[in-house]
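Work through the exercises below with the sequence and the 3D structure in view. Try each task before reading its solution.

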Amino acid sequence: MKAIRVRKFGGPEVLVPEEVPAPAPAAGQVLVRVRAAGVNPYETYIRAGAYASLPELPYTPGSDGAGTVESAGPGVVSVKPGDRVYLAKSLSGTYAEYALALEEQVHPLPEALSFAQGAAVWVPYGAAYHALAHQAGARPGETVLVHGASGGVGVAAMQLARAMGLAVLGTAGTPEGRALVLGQGARAAFDHSSPGHAAAVLEATGGRGADIVLEMLANVNLAADLKMISEGGRVVVIGSRGEATINPRDLMARRGSVRAFTLWAVTPEEEKEIHAAVGAGLALGTLKPLVGREFPLADAAAAHEAVMRSGAAGKIVLAC
Ligand code: NAP
């Protein structure tokens, strides 16, 4: 089978397509014929060797994917060959034609969704649901600012927040991105590259501030976020690429809080709840992953360059 292999940490050029043997499922394992793999920013950090925990070399990247079950090992009861599934992590990596996964890493993909959409589920919707439900304790009627709403997690967060009964405000760095944000049902879209956007967010909430801010780039925005939240407001840090300086008095004045997480640390109970909630939304059609760009598997390097550029417009996936 074809798979992307990384033999040394470095730039996008270390993502090399290779011919490797397809794995075979042991007891409790499932082999998936991957049709699309999701590309997430953290995969670029790992590839560059700049992440807290690194895989042993060589490795195949990717934790998100979708396709059909090729075969199942002894003891597997929840899926059978031919079933359409999305992957939430795998044992062998999803940037490949086949991926080996534990039975619990394989979830049903509704007929109405494409494989590319299925590859946009786990990290984006998992992070967005965890941020809203488990970290922020979001309640219907509250207002959420999705700070960085045009990318994979941002789109997922807007759809989930709307389904949960929240009012949504979003930001994007380009006019196309802001049009996408409004198209996803946000009440207003702001330009996060403009210094005036914090004041505009406050104005849009009648001066009250947002109950929740979901932050995709905390090193740039955290200090300003603390001035944009309401009394009792919560900032949830989803992404950050450096250090931030804040004034704790901004939190004190609002009895606010800042939470942060990585999806890898969710508990098994939280993970079960994420799949139950997201699976229901996918089946009902309230959640519709938005694929912005597709690259052939062999062009994984170009996909890694694209995911780190500004001007996001939904999820980037690899066709496998
Ligand atoms: P993505 O699809 O590449 O989108 C990046 C988003 O960040 C875009 O909406 C982009 O907007 C926005 N952005 C750029 N500059 C910004 C700024 N100054 N202020 C606010 N937003 C800005 O990436 P993603 O998959 O959505 O992930 C977003 C971030 O969350 C990444 O840093 C990622 O590593 C992190 N993340 C963390 C977890 C976790 O477990 N904690 C899970 C998933 C993702 P424009 O392109 O329109 O400017």
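The exercises treat a predicted model, starting with its domains and ending with its salt bridges.

**Exercise 1. The two domains**

Task: State which residues belong to domain 1 and which to domain 2, and give the separation of their centres.

Solution:
- Step 1. Domain 1 consists of two segments, 2–121 and 289–319, while domain 2 covers 123–264.
- Step 2. Taken over C-alpha atoms, the centres of domain 1 and domain 2 lie 28 Å apart.
- Step 3. At the contact, domain 1 contributes 18 residues and domain 2 contributes 15 residues.

**Exercise 2. The interface**

Task: Describe the area buried between domain 1 and domain 2, and the residues of domain 1 that take part.

Solution:
- Step 1. The size of an interface is often expressed as the accessible area lost when the parts come together.
- Step 2. Between domain 1 and domain 2 this area is about 1200 Å², and carbon and sulfur atoms give 61% of it.
- Step 3. On the side of domain 1, Val121, Leu290 and Ala312 supply 32% of the area buried against domain 2, more than any other three residues.
- Step 4. Polar contacts link five residue pairs between domain 1 and domain 2 (both residues at pLDDT 80 or more), whereas zero salt bridges are found across this interface.
- Step 5. Helix H1 (residues 41–47) provides three residues, the largest share of the side of domain 1 that touches domain 2.
- Step 6. Sorted by class, that side of domain 1 has 11 nonpolar, four polar and three charged residues.

**Exercise 3. Salt bridges and burial**

Task: Find the salt-bridge partner of Glu271, and decide whether Glu271 is buried or exposed.

Solution:
- Step 1. The count for the model is 10 salt bridges.
- Step 2. In one of them, Glu271 pairs with Lys89, at 3.0 Å from N to O.
- Step 3. Lys89 sits in the loop between strand S5 (84–88) and strand S6 (98–102), and Glu271 sits in helix H9 (residues 268–284), so the pair links parts of the chain 182 residues apart.
- Step 4. Buried means under 20% relative accessible area. Glu271 has 16%, so Glu271 is buried.

**Exercise 4. Two further pairs**

Task: Apply the burial cut-off to Glu142, Asp211 and Arg208.

Solution:
- Step 1. Glu142 forms a salt bridge with Arg139, with the closest N and O atoms 3.1 Å apart. Its relative accessible area is 8%, so Glu142 is buried.
- Step 2. Arg139 and Glu142 also belong to a salt-bridge network with Arg234.
- Step 3. Asp211 forms a salt bridge with Arg208, with the closest N and O atoms 2.8 Å apart.
- Step 4. Asp211 is buried at 7% relative accessibility, while Arg208, at 48%, is partly exposed.

Notes. Residues are numbered from 1 along each chain as its sequence is written. This is a predicted model: local features need pLDDT of at least 70, side-chain atom pairs count only at pLDDT 80 or more; totals for chains, interfaces and linings use all residues. Side-chain values use heavy atoms; hydrogens and water are left out. Domain bounds come from an automatic or database domain assignment. Contact means heavy atoms within 4.5 Å. Buried area is the accessible area (1.4 Å probe) that two parts lose on being put together, summed over both. A salt bridge is a side-chain nitrogen of Lys or Arg within 4 Å of a carboxyl oxygen of Asp or Glu. A polar contact is a pair of N or O atoms within 3.5 Å; within protein, one must be able to donate a hydrogen and the other to accept it, and residues adjacent in sequence count only if both atoms are side-chain atoms. Helices (H or I, at least four residues) and strands (E, at least two) are DSSP runs, numbered from the N terminus. Ala, Val, Leu, Ile, Met, Phe, Trp, Tyr, Cys and Pro count as nonpolar, Asp, Glu, Lys and Arg as charged, and the others, Gly among them, as polar. Buried means under 20% relative accessible area, exposed over 50%, partly exposed in between (1.4 Å probe, protein chains only).
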